[in-house]
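Let's take a walk through this protein together. Have the sequence and the 3D view open as you read.

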Amino acid sequence: MHLTSSDIVCMAMGLKPEGALAPHEGTCSFCGKNIWPGDRYTKFSVGPSFMDVADLAARGSGMTCGHCTPLMSSAMLRATANGIFSEGGVQPFAKWVDVARGLLNPPEPPFVMLYATRKSQHMAWRARVNLSRDLFYVRVGLRDLKIRRPVLLSAVQACQTLGSFMGIKPTAKSLAHPFAVLSSDLKDPAHSLLRRKGPEKTLDEAAEAYPEAYQLIQSLTLGETWAMRFLLSPNAGAQAAAQSEGALS
Ligand SMILES: [Zn+2]
């Protein structure tokens with residue numbers, strides 16, 4: 001059976017199909033699932049603030065499948081904004097430490113990874129269904145970002161090699177790395193810009209000394225540089241947690 005993103009999200013959250021029994025065959029406007037006579041469905045309907053017409057799988061079908069139906073409420077838009085969804089349930093995917101953990105250890109496929117970048121963003125019905133733990137897509141806001149998991153660890157190592165050579169010091173939150181800007185929601189147009197100069201050496205000198213590390217960094221997908229935001233700051237979440245504990249005591 002072809003599983004859509006909405007099927008996986010509902011399975012993870014234990015949501016049953018909602019709606020009336022379909023009197024005829026059709027296609028879900030949102031996720032594109034086939035609807036057979038007798039399947040649960042509702043009539044397609046969106047409010048005037050719905051901005052995602054371009055992403056509809058089947059505009060004009062007039063039908064919404066039983067799994068997309070419960071995902072449309074504002075409470076469910078909030079509940080599905082960030083998470084990794086699979087048959088095993090929902091893993092957190094909002095705090096930096098959780099994002100890093102999820103990217104390195106995705107669940108058994110099929111799974112869906114969602115990372116909303118604004119409030120009430122429709123995420124659950126239009127993400128990619130991932131069938132591999134080594135090559136997968138994360139829905140970040142309006143984009144599907146490709147990530148090759150085996151590349152992530154080599155990229156972290158390459159960043160540390162280049163950063164250390166340039167004299168860039170690790171901090172309490174962050175490993176040594178040559179990036180000037182890394183944006184967790186990709187709203188910064190300078191995301192993935194590299195520092196031209198460190199305290200000790202330039203980027204060109206680092207590239208000459210470690211050509212493989214430099215080429216690896218240059219070959220990262222947008223998804224992989226996005227992942228670096230979280231993987232290069234392994235203690236960001238831990239420190240925030242420690243600070244809030246400190247504030248309480
Ligand atoms: Zn659907």
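**The metal site and the sheet**

The zinc ion sits in a tetrahedral site, with angles of 106 to 111° among its 4 donor atoms (four donors count as tetrahedral if all angles lie between 85 and 135 degrees). This is a predicted model, in which local features need pLDDT of at least 70, side-chain atom pairs count only at pLDDT 80 or more, and totals for chains, interfaces and linings use all residues. Residues are numbered from 1 along each chain as its sequence is written, and side-chain values use heavy atoms, leaving out hydrogens and water.

Coordination comes from the SG atoms of Cys-28, Cys-31, Cys-65 and Cys-68, at 2.3 to 2.4 Å; donors here are N, O and S atoms within 2.8 Å of the metal (3.2 Å for Na, K and Ca), and since water is not among the atoms, sites may look incomplete. Along the sequence, these donor residues follow the spacing C-x2-C-x33-C-x2-C.

Now turn to the open sheet, where 5 strands run in the order S7-S6-S8-S9-S10 with mixed pairing. Strands are DSSP runs of E with at least two residues, numbered from the N terminus, and two of them pair if DSSP finds at least two bridges between them. Strand S7 (89-91) and strand S10 (143-148) stand at the edges with a single partner strand each, so one side of each has no neighbour in the sheet. S9 and S10 pair in the antiparallel sense over 6 bridges, and Val-138 stands opposite Leu-145 in S10.

Finally, look for Asn-130 in the loop between strand S8 (111-115) and strand S9 (135-140). Asn-130 counts as buried because its relative accessibility is 2% (buried means under 20% relative accessible area, exposed over 50%, partly exposed in between, with a 1.4 Å probe and protein chains only).

Technical notes
Four donors count as tetrahedral if all angles lie between 85 and 135 degrees; four count as square planar and six as octahedral if opposite donors are over 155 degrees apart and all others between 65 and 115; anything else is irregular. Helices (H or I, at least four residues) and strands (E, at least two) are DSSP runs, numbered from the N terminus.
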